[in-house]
There are 4 protein chains.
Amino acid sequence: MTLTEQRVRAAAVKLFADKGFHGTGIRELAQAAKISSASLYHYMGTKEELLEGIMCECLDRLLAAARQVPASDPRDRLAGLVALHVLTHAIEPAQTRVVDHEVHVLSPEARSEVVRRRDEYERLWAETIEEGIAAGVFHDTRPTLTRLALLEMCNGVSRWYSPHGPLSLEELATHFARLAIRMLGGEENDFSATVGHARSVVSTVWKRTL
Amino acid sequence: MTLTEQRVRAAAVKLFADKGFHGTGIRELAQAAKISSASLYHYMGTKEELLEGIMCECLDRLLAAARQVPASDPRDRLAGLVALHVLTHAIEPAQTRVVDHEVHVLSPEARSEVVRRRDEYERLWAETIEEGIAAGVFHDTRPTLTRLALLEMCNGVSRWYSPHGPLSLEELATHFARLAIRMLGGEENDFSATVGHARSVVSTVWKRTL
Amino acid sequence: MTLTEQRVRAAAVKLFADKGFHGTGIRELAQAAKISSASLYHYMGTKEELLEGIMCECLDRLLAAARQVPASDPRDRLAGLVALHVLTHAIEPAQTRVVDHEVHVLSPEARSEVVRRRDEYERLWAETIEEGIAAGVFHDTRPTLTRLALLEMCNGVSRWYSPHGPLSLEELATHFARLAIRMLGGEENDFSATVGHARSVVSTVWKRTL
Amino acid sequence: MTLTEQRVRAAAVKLFADKGFHGTGIRELAQAAKISSASLYHYMGTKEELLEGIMCECLDRLLAAARQVPASDPRDRLAGLVALHVLTHAIEPAQTRVVDHEVHVLSPEARSEVVRRRDEYERLWAETIEEGIAAGVFHDTRPTLTRLALLEMCNGVSRWYSPHGPLSLEELATHFARLAIRMLGGEENDFSATVGHARSVVSTVWKRTL
DNA sequence: CATGAATGAGTCTTCATTCAT
DNA sequence: GATGAATGAAGACTCATTCAT
């Protein structure tokens, strides 16, 4: 991916997140990427393909990160998944908001690509929860429901977290991990190691120092 | 509000929820409301004012409902707020999705109208949580953070709940109330009365039999 | 069909004939029809549908006219068909040129509509020729080939005939009828009555005094 | 003319014939010629100049061929011209269709270049017809009209002849020669020698074995 | 009360062409 | 000799909105 391509994508992510896909004009996008609207089309297919690319890449990274969570105690594993998800949403609010808000725009074919990734990702959460229940460390009568609640709770982070606020990434992730364990009726651990590991994974996957 | 006005608003709610504000055309809207696009303008101001009206009304109803939650034990009160919120999102997914997703479209003035209502609504949650902590029935070190997590978790319901699924409204509300109490480190009660009350309030406010 | 619709269609016919379908811009068309390019879309579907409409209507008229040629002596009948075709191409060169030149533009579905009409029309010619041969008044070893030659020869009229030139419509039609009979090895008649009839049919079908 | 130039020209001929000049994009052309659209401009001037080149070359060849028709009996000479024209249109339908259909695209200057050649070519036909009438072997009261009819009839071949059909080039040319003579009220000859000669001329001029 | 007609500004996308590398 | 990058202008078409009837 060339530098210009990256600039285009970055501009698109920001605009799509702020004003929505349909609320973002191609000229606006071109201006933000500092090229002409005609040149835009050297670096992308259609506007929709650009969106699809953004969403898939983001989900692929999220998935790649989630796969690096060690398969240890279900509590630690869930804490790891939560920390990772929350950290990602905190440091990449634009990308994650696009993933969460603009699925309805996609054509059926593109949508299925995105949904497939999302499902695969959620399966990791489901498995962890099930394991925890089977192992007796989680106590919950409606694990599916709880999983949905959990995910939405974590997605929300990209809508309100600000790096300029008083809350550090560490604190954020730790608290959400704690909340998740509580929701599943598990005993609270010390998650500092888990959160630390999640932090380094996220840092690697997104090539950013946290 | 005339019958036609209601038809317009209902059509707008459905379309805005499904395709987004910018993804919905005025002609499409007219067609769904079964009038001509010119006639539309007898029943609304601009497209944006229509959106503002939808959002404000929805928030007003939510607020009106929340104010009917009795100021009893903080646990019951929180359970009531959660049940109410979740039930509303379950039976009115279109309206609530519009409220949650289309704020960025509004002009600053219109947005402040919406935000004001939202803030007022959230204050009720914040107060309840604080009371619970003060009373020692909740145990949480970051109540603000938890409140945000809680709200996002509940908002999510409108994105995935289906009345055709196996989950009844009662079960949904009860489980979410339980999750909320867990998140705040409170002891689980029997929330059936609280949920029942919430149900009747929602039923009244939205004039629908549940 | 409203007056404006007619103006649009007339402008389109002229422009498509002069500059080709792809050579004619929508703004150019709007200007020629004296409305804005946006208003254009109140009176037409897509540009292609406009073209299809023009072609089908023209062919329908040609067909309607051809069906009024009396089924008398094959020589007279052929002379009638030729006169009619030639007169039409002489007085409506724009429409007929569009029909003859822009078929390749159409989508398969639209094309089949046009081709169906064209085929039906040519069948009338084919039948007449066959009858003439069967009756022994025409002598030709390759009637299909001759029919194609005949049609192309007559189509050509719209490319060069000028009403301002020295040649009257009567003379034009009479000579072409004579040429056609010669091509089929038939004996030359006096075609004045036949041509006169064709003239009045064309006049009626196109609502123009010749 | 380099090999690449030939490839470009061949691609252009095919595309212009199939989709029209304005219906053919420069990128499409480049792709068909298997070079980049930028490289295209090493082998051509503007798109219009490319068209002009194609048309002029085609007409030049037609003219060169026509000049090789021996000045014998006017009937044989006309038969020769017709055979040549028809054969050319049969074996080079793309080129001849471009010549016949895309004149309107050209700028006045370019157009005059084309028209000059066309006129010169048609003069050969006119002379032949006049000679025949003067010599008493043709009997026609409107030679100009007949010439136009003749030419259009022959041009038409490129629109419908298929080498995969049952009709051989020989049969095609022979029948058209016969038709032409009939149209001019001449006596039918045996044109096999004339057609044979036309065939070899066309074969030479276009460097193709027929 | 209702709507067909109208439009300027906008939509996304492609156009033919140039030029630095 | 070849081409990726670049673009102003234009392509067809839709937008939200107004207004006379």
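Which residue of chain B has a backbone N or O atom 3.2 Å from a phosphate oxygen of DNA strand F? That one is Thr24(B), and here are some notes on what surrounds it.

1. First, the ground rules. This is a predicted model, where local features need pLDDT of at least 70, side-chain atom pairs count only at pLDDT 80 or more, and totals for chains, interfaces and linings use all residues. Residues are numbered from 1 along each chain as its sequence is written, chains are lettered from A and ligands numbered from 1 in the order in which they are written, and side-chain values use heavy atoms, leaving out hydrogens and water.

2. Back to the strand. Besides Thr24(B), have a look at Tyr41(B), which has a polar side-chain atom 2.8 Å from a phosphate oxygen of DNA strand F. His42(D) goes for a base instead: a polar side-chain atom of His42(D) sits 2.8 Å from a base nitrogen of DNA strand F. (A polar contact here is a pair of N or O atoms within 3.5 Å.)

3. There are 28 residues around DNA strand F, and those coming nearest are His42(A), Tyr43(A), Ile26(B), Lys47(C) and Tyr43(D). Of the strand's atoms that come within 4 Å of the protein, 55% belong to sugar and phosphate. A residue counts as near the strand if one of its heavy atoms lies within 4 Å of it.

4. By class, that surface has 11 nonpolar, 12 polar and 5 charged residues; Asp, Glu, Lys and Arg count as charged, and Gly goes with the polar ones. At least two residues each come from α3 (40–43) of chain A, α2 (26–32) of chain B, α2 (26–32) of chain C and α3 (40–43) of chain D. Helices are DSSP runs (H or I, at least four residues), numbered from the N terminus.

5. Now the chains themselves. Chain A superposes on chain B by a rotation of 180° with 0.1 Å of shift along the axis, at an RMSD of 0.1 Å. That is the relation of a two-fold axis. Within chain A, the C-alpha of Met153(A) comes closest to the rotation axis, at 2.0 Å.

6. All of the interface is shared: 100% of the interface residues of chain A are also interface residues in chain B, so the copies meet through the same surface. By contrast, no contact (heavy atoms within 4.5 Å) joins chain A and chain C, whose closest C-alpha atoms lie 20 Å apart. Chain B and chain D have no contact either, with 32 Å between their closest C-alpha atoms.

7. Finally, helix α7 (residues 143–155) of chain B is mostly covered, with 11 of its 13 residues buried, that is, under 20% relative accessible area with a 1.4 Å probe, protein chains only. Among them are Leu145(B), Arg147(B), Glu152(B) and Met153(B).

Notes: Copies are superposed by least squares on the C-alpha atoms of residues with pLDDT of at least 70 in both. A polar contact is a pair of N or O atoms within 3.5 Å; within protein, one must be able to donate a hydrogen and the other to accept it, and residues adjacent in sequence count only if both atoms are side-chain atoms. Buried means under 20% relative accessible area, exposed over 50%, partly exposed in between (1.4 Å probe, protein chains only).
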